[in-house]
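Colleague: Before I rely on the labels in this description, I would like to hear the reasoning behind each of them. Could we go through them one by one?

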Amino acid sequence: MMVLLHQVRLKFQNALVRARTRLQRGVTQTFAVFFVVLLLLWMSAFLYGSLYYSYMPNVAFSTTVHYYHRSGCESPSSFLCSYPLANVSLTRNRKHVLTFGQAYQISLLLEMPDSPVNQALGMFMIRTTFYSQDGGQVVSSSQPSMLRYRSDLLKALETLLLLPAFLTGLSEQRQMLEVELFSNYVENPYSPSVSAVIEILSNQVQIYSSQLKIHADFTGISRYLLFNFPLLSAFFGVATNFIFLSVLFILSYLR
């Protein structure tokens, strides 16, 4: 009887050892699979992010334009009086803002007072010139602009309607003009632009503030999808990388 109980005890202990071993092996395999999957997901996301930031250009760039001109003039019509001029840098943190091969829409946003001087000025020209690192001219354009016409009756009604805002300084009599300087500008890789010189070809123009706006015009289907559907593109990109890395890992494991 004692021998039989001893044999039963041994069998039970062996069963417990085998069950514990299988449990430990299962836990170890589960953690190993979880760690491998997590590592593959991280590598897939890293590869997609690296590809995205190396392939996608700067979507938008905006900077304030500060004008200067020679004020020591003998008369308003003297040739010594220079036009309002601004030199804008096209680099950020020593890197070019414009990406090679990418088309851009470049415009100038002008905040101008709705004054009698600007209204009497009529149409004026805006000349924009891009320069390379060695000072050579890359491209130049001249675009017209003018304040929008508003009748005296419309101005009077607007003044009466917004009189409290005008008196308290919450609003001003101004107009925002957006002038398209370049509609489809593509950077030259052999002579990249590092600065833009913007000149208002009028001595009498009055400007509150100005901004240069550069926006990427995505024409290719890949960049269009990456920009307009970022979450969907990220999902498919990470999933594709994960499948590719998983196949490589399985093949290497089997070998």
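Modeller: Let us begin with a single pair of residues, where Phe130 stands opposite Val139 in strand 7; please keep in mind throughout that this is a predicted model.

Colleague: What makes strand 6 and strand 7 a pair?

Modeller: Two strands pair if at least two bridges are found between them, and strand 6 (residues 124-132) is joined to strand 7 (residues 137-145) by eight bridges, so the criterion of at least two is met. The two run antiparallel. Besides Phe130 and Val139, the facing residues include Phe124, which stands opposite Ser145 in strand 7, and Thr128, which stands opposite Ser141. In the hairpin that these strands form, four residues lie between them, and Gly135 takes a positive phi near 90°.

Colleague: Which strand does strand 6 pair with over seven bridges?

Modeller: That partner is strand 9 (residues 193-200), and the pairing is again in the antiparallel sense. Within it, Thr129 stands opposite Val197, while Tyr131 stands opposite Ser195. Strand 9 in turn pairs with strand 2 in the antiparallel sense over five bridges, and Ala196 in strand 9 is the bridge partner of Val88.

Colleague: Why are strand 2 and strand 7 said to stand at the edges?

Modeller: The sheet in question is an open one of four strands, in the order 2-9-6-7 with antiparallel pairing. Strand 2 (85-89) and strand 7 each have a single partner strand, so one side of each is left without a neighbour in the sheet. From one strand to the next, the twist averages 15°.

Colleague: Why is Thr128 called buried?

Modeller: Buried means under 20% relative accessible area, and Thr128 has a relative accessible area of 1%, so Thr128 is buried. Its place is in strand 6. Leaving aside residues up to four places away in sequence, Thr128 touches Val139, Ser140, Ser141, Leu181, Phe182, Val197 and Ile198.

Colleague: How do you know that strand 9 is mostly covered?

Modeller: The count is taken residue by residue: eight of the eight residues of strand 9 are buried. For the whole protein, 28% of the 255 residues count as buried. The exposed area of the protein is about 17600 Å², of which carbon and sulfur atoms supply 63%.

Colleague: What is the order of the open sheet that contains strand 1 and strand 8?

Modeller: Its four strands have the order 1-10-5-8, and their pairing is antiparallel. The edge strands are strand 1 (60-64) and strand 8 (174-186), each of which pairs on one side only. Here too the twist averages 15° from one strand to the next. Strand 5 (residues 103-113) and strand 8 run antiparallel and are joined by ten bridges, with Val186 in strand 8 as the bridge partner of Ala103.

Colleague: How many helices and strands are there in the protein, and what share of its contacts joins residues at least 24 apart?

Modeller: There are six helices and ten strands. Among contacts between residues at least 6 apart in sequence, 79% join residues at least 24 apart.

Colleague: What span is expected for helix 6, and what span does it reach?

Modeller: The expected span is 1.5 Å times one less than the number of residues. Helix 6 (residues 230-254) has 25 residues, and its reach of 36 Å from first C-alpha to last is close to the 36 Å expected. Among its residues, Ser233, Gly237, Leu245 and Ser246 are buried, each therefore falling under 20% relative accessible area.

Colleague: Which residues does UniProt list as "transmembrane region"?

Modeller: The unreviewed UniProt entry lists residues 31-53 and 231-254 under that heading, and such annotations may be inferred rather than shown by experiment. What the model itself gives is the conformation: over residues 31-53 the chain is 100% helix and 0% strand, with the end C-alpha atoms 33 Å apart. Over residues 231-254 the chain is likewise 100% helix and 0% strand, and the end C-alpha atoms are 34 Å apart. The heading comes from the record, whereas the helical assignment over residues 231-254 comes from the predicted model.

Notes: Residues numbered from 1 in each chain as written. Predicted model: local features only at pLDDT ≥ 70, side-chain atom pairs only at ≥ 80, totals over all residues. Heavy atoms only, no water. Buried < 20%, exposed > 50% of the residue type's maximum accessible area, 1.4 Å probe, protein only. Contact = heavy atoms within 4.5 Å. Areas by Shrake-Rupley, 256 points an atom, 1.4 Å probe, with all protein chains shown as cover. Axes fitted to C-alpha atoms, helices over the stretch in contact; angles between N-to-C directions.
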